[in-house]
Amino acid sequence: MSDRVLFRRLRDALPLLPFLTVVTVFLIVPTATVVVMAFFADGSFSLDRIAALFTGTALSALLKSVVLSATTAVIGAVLGAVLAWLIVSSPAESMVRRAVLALCSVLAQFGGVALAFAFLATIGLNGVLTLWVQQHLGWNLAGSGWLYGLAGLILVYTYFQIPLMVIVFLPALEGLRVQWREAAVSLGASRWQYLREVAVPLLSPAFLGSALLLFANAFAAYATAAALVSQGSPIVPLLIRTALTSEVVLGQSGFAYALALEMIVVVAVVMIAYNALVRRTARWLR
């Protein structure tokens, strides 16, 4: 390779330097630190922290995290897909369509402390809706504090999973061409046959990929759960918080590194499957 060609390639790659710097500082370095610290304790190689992942507390947190993520992903994917289909069915210049899309873009990013406070102020133990229902219907909407447990997390997470599904699944619905439906109808296919034989097979990879993205989004979410659940560690992110704020967890220090590595592995597997499904969808979206 000549010096001129090498110089040209370096010059072309120069605009990517800020991006590579950000990725290195905020992704590669933290990930490498977590991987190293999960296997090294006190400067020597050890599997004690990895072995702690198979104890009762860690397995219980992992199971609840998977249940939370899978449940909200399924509910969010189904309801979000229906809403996205209704949006696509409306005229492109419709004010309602544009308003719903704008609202979904906002609600998909509405999380953390603000979202937790909104639910606490509405259906918490002293929430506005809870007090109103109790005064007029005599029913304690807050029950036994279900909002502060796994059931409450499922409800709150679903709130931002549905609009996120709309955003990520809408391009696939818009990629369905009218000519395909017209061709199917001209060949004698009914509406149900077109959906079953054409639309559903084409949309299945995009739907499953979007559901996997919702799973990863819920699995890694922390701020909303931390603001809603003040005691206990029902899911992995909250167990990491406990490990970081406690001097000794399960009889050993640095347990948070092993938990973080566990989350990295789960999210990485999900995202690899998501990318594979996205590539399949991209074939007919071109």
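This passage describes two pockets and two helix packings in a predicted model. In this model, local features need pLDDT of at least 70 and side-chain atom pairs count only at pLDDT 80 or more, whereas totals for chains, interfaces and linings use all residues. Residues are numbered from 1 along each chain as its sequence is written, and side-chain values use heavy atoms, with hydrogens and water left out.

The largest pocket (an open set of points on a 1 Å grid over the protein atoms alone, where a 1.4 Å probe fits, with protein on both sides within 12 Å along at least five of seven lines) holds about 680 Å³ of space, a volume being the space filled by probe spheres set on the points. Its lining, made of residues with an atom within 4 Å of a point, comprises 21 residues, and Trp 85, Leu 173, Leu 176, Leu 195 and Leu 203 lie nearest the centre. Helices H4 (56–89), H8 (150–174), H9 (178–186) and H10 (191–220) each supply at least two lining residues, helices being DSSP runs (H or I, at least four residues) numbered from the N terminus. The largest share, nine residues, comes from H10. By class, the lining has 16 nonpolar, two polar and three charged residues, where Ala, Val, Leu, Ile, Met, Phe, Trp, Tyr, Cys and Pro count as nonpolar, Asp, Glu, Lys and Arg as charged, and the others, Gly among them, as polar.

The second largest pocket has a volume of about 160 Å³, and its lining divides into eight nonpolar, no polar and no charged residues. These are Ala 220, Tyr 222, Pro 237, Ile 240, Met 263, Ile 264, Val 267 and Ala 268. Helix H13 (255–285) and helix H12 (236–245) each give two or more of them, and H13 gives the most, with four residues.

H8 and H10, which both contribute to the lining of the largest pocket, also pack against each other at an angle of about 150°, with their axes 10 Å apart; axes are lines fitted to C-alpha atoms, for helices over the stretch in contact, and angles run from 0 to 180 degrees between N-to-C directions. The two helices are therefore roughly antiparallel, a term for angles over 145 degrees. Among the residues in contact (heavy atoms within 4.5 Å) are Phe 160 and Leu 173 in H8, and Leu 203 and Phe 207 in H10. This contact has 14 nonpolar, three polar and no charged residues.

The axes of H8 and helix H5 (residues 95–107) come within 8 Å and cross at roughly 130°.

Conventions
Parallel < 35°, antiparallel > 145°, perpendicular 65-115°, else oblique.
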